[in-house]
Amino acid sequence: MRDLSGGPRVLLRRLRELMAEPLEPQDRLDRIVRQIAGNMVAEVCSVYVLRADGVLELYATEGLNREAVHLAQLKMGQGLVGTIAASAQPLNLSDAQSHPAFRYLPETGEEIYHSFLGVPILRTGRSLGVLVVQNKASRNYRDEEVEALETTAMVLAEMIATGELKKITKPGLELDLTRSVTIDGDTYNDGIGLGYVVLHEPRIVVTNLLNEDAEKEIRRLAEAMGSLRISIDDMLSRRDVSMEGEHREVLETYRMFAHDQGWVRKLEEAIRNGLTAEAAVEKVQSDTKARMMRLTDPYLRERMHDFEDLANRLLRQLTGYTGRTTAEGFPSDAIILARAMGAAELLDYPRANVRGLVLEEGAVTSHVVIVARAMGIPVIGQAAGVVALAENGDAVIIDADEGHVHLRPMTDHRRSYEEKVRFRARRQEQFRALRAVEPVTRDGQRIALMMNAGLLVDLPQLSESGAEGIGLFRTELQFMIASTMPKAEEQEQFYRNVIKQAAGRPVTFRTLDIGGDKVVPYFRGHEEENPALGWRAIRLSLDRPGLLRTQLRALLKASAGTELKLMVPMVTEVSELKTVRELLQKEVQHLSRFGHGLPRKLQFGAMLEVPALLWQLDELMEAVDFVSVGSNDLFQFSMAVDRGNARVSDRFDPLGKPFLRILRDIVRGADRNKTPVTLCGELASKPISAMALLGLGFRSISMSPASIGPVKAMLLGLDVGALTKAMDEVLDDVHAMMPMREVLARFAESHNIPL
C-alpha cells in the first residue's frame with residue numbers, strides 16, 4: 001500500500017460505491033476483492049465466509065484459482081484462515097508455509113505466495129469470515145496495512161449481515177450469522193412464545209463509515225469523549241451514590257475506560273485510516289470484544305460488559321441517538337431481548353404484542369419478572385450472550401418450560417413448537433372449563449385458590465383464572481413504575497379501582513414493601529451490603545411514618561363500605577405489629593372525626609417471612625386476624641440462600657424436609673390459636689409444591705393466575721388425608737433417605753394425580 005493517507009479512504013469510497021451499485025452478490029464480491037488487491041498492491045485477495053456448520057468457504061478471490069471459489073473449505077480452527085476465525089485475531093506472516101497451522105489447499109494454487117495477512121471479519125465481536133491478502137515476496141505487512149484491512153473487513157461484515165450472500169450460498173447450507181442457535185437460561189415464568197426479536201436497546205447501526213475530513217472527525221470524537229467523561233464524573237460526584245460498594249466500582253471502571261489513552265489512540269488511528277468517528281468506535285469495540293470473549297478470568301470477562309456499555313454510550317453521544325423501540329412498526333408477536341430492564345419499561349410496550357421476555361441478567365424475584373408474570377408473559381433469565389447473538393427481526397422461540405431460547409430456529413423445530421403451543425392451548429381450554437368447578441379435594445376438603453397481583457392489568461385475570469380473590473396485592477408496584485411519589489389522592493383512586501374490579505371478591509393488600517432490591521427512583525436510599533436484610537418494608541415504613549400513614553389513609557378511604565384486609569411485610573418482632581396497629585387506629589379515628597366512610601370490616605394481618613417469628617408464633621397469632629406465609633423470603637432466610645445468586649439459589653430444595661417441617665410448624669401454630677393462615681409465595685404456583693402445602697395443612701394458597709388451573713386440576717383428584725399421613729411419616733422419620741420431592745411424585749403417580 002503506497003499512499004497510506006489516501007489509500008484506505010480511496011478504497012472505502014470505492015467499496016461504498018460498489019455496495020450501492022445494482023450488482024449480483026457474486027459480481028459485487030469479485031469486484032470488492034479486485035479493488036482491495038489493487039489498493040494494497042497485493043497479488044491475492046480472498047474472502048472466506050463462515051457457514052453455520054463451522055466451515056469457512058472461499059466465496060471470492062483475486063489471484064487464486066477461480067475454480068476453487070465455493071469449493072475450497074477449511075474448518076473453524078483449521079489452517080491459517082481457520083485459526084484467524086477461531087481466535088478473532090489477525091495473522092501477519094512473511095512465510096506462511098512455515099507456520100505450524102498452515103494447511104495446503106491444492107485447488108487454490110496458493111503455494112507460490114509467501115507473504116500472508118489475514119484479518120477476521122467481525123460483527124459485535126463475532127467472526128463471520130476472514131479477509132486475506134497475499135504476495136509472492138516474503139515480507140511482513142505494516143501496522144497501517146493491517147489496520148486498513150481490518151477497516152475494509154467492516155464493509156464485508158455489513159454485506160454478510162444484510163443476508164445478501166444467501167443468494168450464492170449452496171442449497172441446504174446456511175451462513176453462520178443466520179444459523180440456528182440455542183441459549184440456555186433459567187425459567188422465571190413458564191410458557192412458550194414464538195415470534196421475532198425486539199432488542200430492548202437496539203444496536204446503533206452505523207451507516208456512514210467513510211469520513212471526508214479526518215481532523216473534523218477527531219474533533220467530533222474528542223467532544224463526545226469529553227461529554228462522556230463529564231457524565232461519568234457527575235454520576236460519581238452525586239451524593240446519592242455511596243462512596244463504597246459495587247455501584248461505585250462499576251462507575252470507577254467506566255471512568256478508567258473513558259480516560260484510557262490506548263483506547264483513544266486506537267479510535268483516532270481508525271479515523272485517520274478513513275472511518276467516521278462512530279465507525280471507528282464500532283470497529284474498536286468489535287475488536288476489543290472479540291479479544292475479551294476469549295478470556296477465562298470471570299472478573300475480566302465481566303469488565304467486557306462495562307466496556308461494551310461505555311462504547312455504546314459513546315456511540316449514542318456521536319449519533320445523537322436517544323430513542324428506544326416504540327409501538328411504531330412493533331411486531332404483532334414480539335419476543336423482547338434485554339441485558340436488563342425495569343418494570344416500567346416493560347409496561348411501555350404494547351402488551352397484546354409481547355409473546356416473551358429474555359434477560360441476560362436479573363433474578364426470578366426482580367421487579368420486571370414480577371410484572372411479566374402478572375401479565376402472563378413467559379420469561380427466561382441468565383441467558384448469557386443472547387443480545388449479541390440476535391438481530392432485530394430474527395425468528396425466535398422462547399421455551400420457558402425448559403429454559404431454552406432458540407434463535408433462528410430451523411423449520412422443523414418451529415413446527416414442533418407450534419404443535420406444543422397448540423397442545424398448551426388445548427390444556428388451557430381444559431383448565432378454563434374448571435373455572436366454575438368448586439376446588440374440593442376427593443376427600444371433601446375445600447381449598448381457597450387465590451391469585452397474586454400488583455397492577456390494574458392483573459385484575460381481568462381474576463375472572464379468567466377462576467380465582468376466589470387476591471391473596472396478595474403488592475402495593476409497591478404502583479410506586480415502582482411511577483416517576484414521582486404517588487399522591488394520597490392517586491393512591492386512593494388506585495385502590496378504589498382495584499376493589500371495584502375485584503367485584504366483591506376479597507383482596508388482601510400488603511403495605512408498602514420497598515427498599516432493599518426494590519428500588520424506587522424518586523426515593524433516596526442508602527447503599528447496603530446486604531439489602532435483603534436491610535432497611536426495607538416495615539422497617540423503612542416505621543422510620544418514615546408519614547409514608548405509611550398516607551397509604552393507610554388511602555386504603556381506608558378506598559375501602560369505605562367494604563371489607564379491608566391489610567397485612568404487614570417483613571415483620572421481625574410482634575412489637576412492630578403493635579406500632580402499625582396504633583398508626584392504623586389513629587387513621588381510623590381521624591377519618592371518623594371528619595365524617596369519612598370507613599370499611600365495614602377491617603382485618604389486620606402479618607406476613608411471616610422472617611425466621612425469628614417462628615419462636616413467637618403464639619404471640620403473633622394473638623396479635624393479628626390472619627397470617628400469610630411469604631415462602632420466597634422465608635426459604636431464603638431459613639436456608640441462608642440468596643435467591644438472586646445463580647450459584648446458590650438452586651442448591652437447596654423448598655420441598656426438602658427442613659423447610660417443609662418449618663411450614664408444618666406454622667400451620668400447627670395457626671390451628672392451635674385458631675388463626676387463619678395462607679401462603680402467597682412462588683411455592684404455591686407448581687402443582688407438586690401446592691400438593692405438598694395441602695398435605696401440610698394449608699387450606700388457602702395464593703399464586704400466579706396461570707397456575708390456578710393446573711393446581712385445581714391436581715387437587716380435584718387428591719385425597720388430602722392420605723397425603724398428610726404419607727408426608728408425616730417421612731417428615732417424622734429422621735432416618736428416611738428418600739427426598740420429599742420424590743415421595744410426592746410417587747404419591748401422585750400411584751394415585752393418578754396430574755402434576
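## The second largest cavity

In this predicted model, helix H3 (79–87) and strand E6 (126–135) each contribute at least two residues to the lining of the second largest cavity. A search of the whole structure finds three cavities of 30 Å³ or more, and the volume of the second largest is about 120 Å³. Its lining comprises 14 residues, of which Leu80, Val81, Phe102, Glu110 and Phe116 are the closest to the centre of the cavity.

Sorted by class, the lining of this cavity consists of 10 nonpolar, two polar and two charged residues.

## The six-stranded sheet

Strand E6, which helps to line the cavity, also belongs to an open sheet of six strands. The order in this sheet is E3-E2-E1-E6-E5-E4, and the pairing is antiparallel. The edges are formed by strand E3 (73–75) and strand E4 (91–93); each has a single partner strand, so one side of each is left without a neighbour in the sheet. From one strand to the next, the twist averages 20°.

Within this sheet, strand E1 (residues 44–50) runs antiparallel to E6, and six bridges join the two. Valine 49 has glycine 129 in E6 as its bridge partner. Helix H2 (residues 25–39) lies across E1, E6 and strand E2 (55–62), and the helix runs at about 70° to E2.

## The eight-stranded sheet

A further open sheet has eight strands in the order E7-E14-E13-E9-E10-E11-E12-E8, with mixed pairing. Strands of a sheet pair through backbone hydrogen bonds, in either a parallel or an antiparallel sense. At the edges of the eight-stranded sheet stand strand E7 (181–184) and strand E8 (186–189), each with a single partner strand, so one side of each lacks a neighbour in the sheet. On average, neighbouring strands of this sheet are turned by 30° against each other, direction ignored.

Strand E9 (residues 192–199) pairs with strand E13 (residues 395–399) in the antiparallel sense, over five bridges. The bridge partner of tyrosine 196 in E13 is alanine 395. Helix H13 (residues 411–432) packs on the sheet and touches E9, E13 and strand E14 (404–407). The direction of helix H13 makes about 120° with that of E9.

## Confidence of the model

The protein has a mean pLDDT of 86, and 89% of its residues reach 70 or more. Over residues 1–6, pLDDT stays under 50, and the model has 12 contacts beyond four places in sequence for this stretch. Residues 239–247 likewise have a pLDDT below 50, with 10 contacts in the model beyond near neighbours in sequence. Where pLDDT is low, the predicted coordinates should not be read in detail.

Conventions:
Residues are numbered from 1 along each chain as its sequence is written. This is a predicted model: local features need pLDDT of at least 70, side-chain atom pairs count only at pLDDT 80 or more; totals for chains, interfaces and linings use all residues. Side-chain values use heavy atoms; hydrogens and water are left out. On a 1 Å grid over the protein atoms alone, a cavity is a set of points where a 1.4 Å probe fits but cannot get out, and a pocket is an open set with protein on both sides within 12 Å along at least five of seven lines; lining residues have an atom within 4 Å of a point. Grid points are joined across faces, edges and corners, and a volume is the space filled by probe spheres set on the points. Helices (H or I, at least four residues) and strands (E, at least two) are DSSP runs, numbered from the N terminus. Ala, Val, Leu, Ile, Met, Phe, Trp, Tyr, Cys and Pro count as nonpolar, Asp, Glu, Lys and Arg as charged, and the others, Gly among them, as polar. Two strands pair if DSSP finds at least two bridges between them. Axes are lines fitted to C-alpha atoms, for helices over the stretch in contact, and angles run from 0 to 180 degrees between N-to-C directions. Contact means heavy atoms within 4.5 Å. pLDDT is the predictor's confidence in each residue, from 0 to 100.
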